[in-house]
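Here's a quick tour of some charged contacts in this protein. Have the structure open and follow along.

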Amino acid sequence: MATHVVAETATGATAGAAGIGSVDQEEHGAVRDSFAELAAIAAGDRAGDEPVGAGLAGSGLAESGPAGDDLAGGGFATTDLAGAGRGGTGSRFGLARQDDHALDVGDAAEPTLAPLLLHSLSDLREIWVPLIEASGARSVAEIGSESGVTTSLLVDLLRRGGGGRLVVVDPDPGVAPASGGGLDVQVIRGYSPQALDGHAPTDAYLIDGDHNYATVHGELTAIADAVARFSRSYFPLVVLHDVGWPAGRRDQYYNPDRVAADARQPHSWDVGVEIDDPGVVRGGFRGMGAFAWALTEGGPRNGVRTAIEDFVAEHSDLRFFTVAPIFGLGVVVDRRAPWARRIADLLTPWVSNRLLSRMERNRVDLYLHVLRLQDAAAAIARARQREWSRLDDERSRLAAVELEHLHRIGQLEHELADLRRREAEDAERAVHGHRAAADADAPRLRQVARIAGSALRSRLSPTGQERLARVQTRITDTGTGRTALPALRRRPSAPSRGRPNDPDAPLRG
């Protein structure tokens, strides 16, 4: 596992898992055949060794039929799975047998939900720490220090053995321990394989840096060059992480520009991967911007495991073994090394273990299912958010329409009130106009009435004038005098031409 772990949906996405699912039979055969050589060494003369409670010879592996049959069939009924009789190393890592029973899950010392997915090389310490101890390494190089947990384990390992040399290669190491107490620490802040140039080889290497063909093959080549330059007689013990899915057969790039253009696979930062799918998907195991995946799985010069296999094929004395759990652990062993049979002894319970392969496949499948559930929940949340946004926009639009309508209603009410006011003013002006006109005509009408009354009386006989007076009086008594004609005053009539002062003379004209 490299130095970046993407939280939640991409935790440990840079790792790989060897042997997940069904393994190609030819591949199994190659592993079994090469391991048989180490098994033969382990089954040899043990007179000078410490007693091994769980060795290959102790399990009867060397004397059984073909080594491949025992390895594939898991014929380790009497094998101590600690594989660590030497020096009691198994007990320090919780691997020792306890009354022939495994530790119950509830007795595990470490919770495993943080992170949700085991992904680190440090999680495989029960395998690789005994290997380094068995090799007698007094100098160890760690390439890619991640959070620093693995570095701390190496510090403890070397100090338990009396001291030694620790080389940490990382551009930004999680832990930079200080020298002292018999331990010499050298921190190389840079990127491998270039950072390895000019440095003496160490007895063992832990490689967990960038997970792509060019980088891993370059790291192994740099180690081989150092071995040749310093005239070492055999290749160091090399432990590598992420030799299986997803990075085993597919390049992963933290910084593609550090890889030569002709050595890079076509890649993308925006895709994920699914097991059993050689292409890429939207979702799946992804880096969330922390790293990019090659667009296809398999093929030449692609992936961590492919790089190791190609390198080992170029060196006849080297053998390559894989262990399935936690994205796969790879071990490169030189058959000429004096510790080769001890490494074989420790690897036996782990290599080609079908149970571990099934468990790793199940673990990966379950985690991918968790990612799919998370993606589905996120998609639902996004859809809900979009719907809420749409409803908010619609609510805002309706509120704007309502405000516009209220404004128009206010305008119409104002116009209606203004219209009513004008109508009232017009009506009032009309009434006042009629009254003013009537008041203006009253004097003229009274004058006309007087003239008419005078003319009428002048034409009436005295008797007629008396009748007219009575009528006027009666009108006045009934309350309508205001509208009656003015009373006609009786006045003497002009003397008659024919009969002056004759009251009975007829009216003239």
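## A buried arginine in α7

R305 counts as buried, since its relative accessibility is 8%, and the cut-off for that label is under 20%. Keep in mind that this is a predicted model.

So what does the R305 side chain meet in a salt bridge? The partner is E309, with N to O at 3.2 Å. Both residues sit in helix α7, four residues apart, or about one turn of the helix. E309 itself is partly exposed, with a relative accessible area of 28%, so this pair joins a buried arginine to a partly exposed glutamate.

## Two bridges to helix α9

A search through the whole structure turns up 20 salt bridges. One pairs the side chains of E274 and R372, at 3.0 Å from N to O. E274 belongs to the loop between β8 (272–273) and β9 (285–286), while R372 is in helix α9 (residues 354–459), so the contact ties together parts that are 98 residues apart in sequence.

How accessible are the two ends? E274 counts as buried because its relative accessibility is 15%. R372, at 40%, counts as partly exposed.

Another salt bridge joins D276 to R361, with their closest N and O atoms 2.5 Å apart. Here too, distant parts of the chain get linked: D276 is in the loop between β8 and β9, R361 is in helix α9, and 85 residues separate them. Is D276 buried or exposed? Its relative accessible area is 60%, so D276 is exposed; the threshold for that label is over 50%.

## Around S316

Now for the other side of α7. Helix α7 spans 304–313 and β11 spans 318–323, and S316 is found in the loop between them. With a relative accessibility of 56%, S316 counts as exposed.

Where does D334 lie relative to S316? Along the chain the two are 18 residues apart, and their C-alpha atoms are separated by 9.1 Å. D334 is also part of a salt-bridge network, in which it is linked with D317, R335 and R336.

## Recap

If you want a few contacts to pull up in your viewer, try these:

- E309 and R305, a salt bridge at 3.2 Å, with both residues in helix α7.
- E274 and R372, a salt bridge at 3.0 Å.
- D276 and R361, with closest N and O atoms 2.5 Å apart.
- The salt-bridge network of D317, D334, R335 and R336.

Definitions and conventions:
Residues are numbered from 1 along each chain as its sequence is written. This is a predicted model: local features need pLDDT of at least 70, side-chain atom pairs count only at pLDDT 80 or more; totals for chains, interfaces and linings use all residues. Side-chain values use heavy atoms; hydrogens and water are left out. Buried means under 20% relative accessible area, exposed over 50%, partly exposed in between (1.4 Å probe, protein chains only). A salt bridge is a side-chain nitrogen of Lys or Arg within 4 Å of a carboxyl oxygen of Asp or Glu.
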